[in-house]
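Trainee: Could you take me through one part of this model slowly? I would like a close look at a single strand and its partners.

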Amino acid sequence: MQAWEAVSTKKLTVQLTVFFAAASIFSYSLYATEQYLDFNFKLAIGWVSFGLIYLLYKHNTKRRDKQDHATVLRIVFILLSAFLSIRYLLWRTFETLYYTGPFDFIALTLLYMAECHAISLHIFSIFININPLKRKLLKAPLEGAELPTVDVFVPTYTEADDIIKITVTAATQMKYPADKLRVHIIDDGSTIARRNNPKTSADAWERYYTMRRIADELGVNYITRETNSHAKAGNINHALTKTGAELVLVLDCDHVPTQDMLENTVGVFMKDEKVFLVQTPHFFINPTPVEKQLEGVAEVSVENDMFFRLIHSGLDFWNSSYFCGSAAVLRRKHLNEIGGLSTKTITEDAETSLLLHEKGYQSVYVNHPMVCGLSPETFSDYVIQRTRWAQGMIQMFIMMNVLTLKGLSAAQKLCYFNMSFFWFFGVARFIFYVTPPLYLLFGLKVYHASMGQIISYAVPYVFSTILVMDYLYGKVRKPFFSEIYESVQALFLIPAILSVLINPRHPTFKITPKGRTIEEKYLNPLAAPFFIVVAINLISIPFAVYTWFEFPLFRSVVVVTSVWCLFNIFLALVSLGAFWEKKQVRRYHRIKASGEASIFFPRMNQTLRADVIDISLTGISVEVAAPFEVIRNEDMVITVWDSYGASYVFNTQRRRAWPRRGKLLCGTEIINSKQSFASAVQYVYGDSQRWLDDWNKKSASSGTGRLLWGFLVLGINAEKEIIVSMYKWALAALSGKFASLLYLKNLKTAE
């Protein structure tokens, strides 16, 4: 299917609706029938269904990459999993909810609601991803065609100057007719209000002159405004009033575009007037604080890969791909119909898409990475970013009520509902952490089930969910990694979620700091809550042993809660491993690269062939078989090529070198100049094939066991660190107390 074609999903939508309706009716009918049959029949239904799911999983996984549409076996596989989920939920609803006391009832209800949340997300997920849309790139004809004009907005607030300069430089290098393209720095850090405010005046004026200088150097436009109202959305809306191009490309100031970004997106708008958005993936040059712990252990896809590489293609099938704040092109005419970006919530991007989808306009997702951004460097910054996302989406959940919007299709309503409802996972995950201890430590009856029922209903459901999630997302997300990503965020999102529930209009937009450096490795203090989770669940295990012997009638629940405690301990420990802040002193991140290089050595008047190993804006590492000694600070003229065939020549000096595989691995530094900086930006960031190759490499990576073990070891070390710190603190406190008592005693003696 070509990227510019309108997505015709009516026939398949009807088929899938019938499938899901039939599965729901079948699930309920079969469950009702089960109540009149013996235990063996119930057991057989659960495990025969799981057996079929397993066989289909093995069959479909071998053909996963070749399936371009929703095959019958794929749909049957997914619906069988949905059946076991619905069957489990019906059993939990009608057979396990008993009133045994007020506190028991509260705990039981909270657990049931958390399970309903998890099951709902599972069913929504398989619905959304039942047929991810695979589009082919449509390259716009850059010559001999009436191309639309494009404004490029680079919104900025207080980010570092060099980050902005890189992005704007790359924006000016995009392949597009110069008379059709205008790049704008839209600066919210130097507004008149900030320049007049005594607290921010000095920084704002300095920034104002710096941004103006960068704009003049690069030949781009500079825009600022009077106040900072409505944060990023207000900044973009103000820029819309000062510009007039037909299309608008929005780039976060750390999202560096490739040369072919407009070439691969503008053509969609030329073919279909109803398209309001072409969204592209967010590709990140550096790992999040979670993934950073696994560097050197194995290749691992970053957290956002699952969303941008798989889920967003599923949303695209249902015409529900939405604006993600950056790396997207929008049609100004349609934006103007709703008064620009919406400002009701702090996730103005998704909210704007919702309003335009409601008007019947279409969105397109081009699944080809064409920007390179920065993930938060520290866990504290990571929490700020995720908190903003959670609050904005829950604002949408409360204030927009997508299920009642008349202009959306049923599928679009489910997609938008799912993406906002998802962010309650913090509360659900907290409930899952504390439920087993509530039973084992305090005797709260939270789960009423026999071992036979658990084996018949719960176990097949859990196993089938693991298989389906691995089938849908296994290419980019390792088993249990979703649980890790959710766990490390969960406890910090709860206050944010509650604040929105209390006052939906209270949250304010907070930018995510980018480009920070970390001088030394240390354990982030935010790890403390997970130490408590480990301790509480660990203390519960001896109580489980006691309950097993003293109350034989409750052994089935003891087994469930004990296994649950052990899983919580494992999950909390691997989550603790994510809180180590690794040293990061490089200003510019090294990027693994490949390709051929040519090196001229002026001292020897000799040219040698070499292989590129990694690159950054300040240097290139190459592997070369040199027949002579490469001395320190050796001048080297390196020529490299990108996938478009363009060559780049850099004057460099050798900084580090060591033997490897019979060759010499040389780390070189580019001798900086205005021209070399622009060339380095174009070479390092301008080639989208480099980011695509990185994606494919991560898809092929393995080593789940090594990754989990690595996290576990880090978590155990973090646990030790916290215990040692507490021990030292206790000693210090006790020493202080004894010293005070001794002082008082001496004082009394002296009197």
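Mentor: Happy to; here is strand β19, followed by a brief look at a helix. This is a predicted model, in which local features need pLDDT of at least 70 and side-chain atom pairs count only at pLDDT 80 or more, while totals for chains, interfaces and linings use all residues. Residues are numbered from 1 along each chain as its sequence is written, and side-chain values use heavy atoms, with hydrogens and water left out.

Strand β19 covers residues 663-670; strands here are DSSP runs (E, at least two residues) and helices are runs of H or I (at least four), numbered from the N terminus. Six of the eight residues of β19 are buried, so the strand is largely enclosed by the rest of the structure. Buried means under 20% relative accessible area, exposed over 50%, and partly exposed in between (1.4 Å probe, protein chains only).

Now for the partners. Two strands pair if DSSP finds at least two bridges between them. Strand β16 (residues 619-624) pairs with β19 in the antiparallel sense, over six bridges, and Glu623 has Leu665 of β19 as its bridge partner. Strand β18 (residues 647-660) is also antiparallel to β19, with eight bridges; there, Gln653 stands opposite Glu669. The hairpin of β18 and β19 has two residues between the strands, and Arg661 takes a positive phi near 55° in it.

For a helical counterpart, look at α8 (residues 231-242). Nine of its 12 residues are buried, so α8 is likewise largely enclosed by the rest of the structure; among them are Lys232, Asn235 and His238.

Terms used:
Expected span 1.5 Å × (residues − 1).
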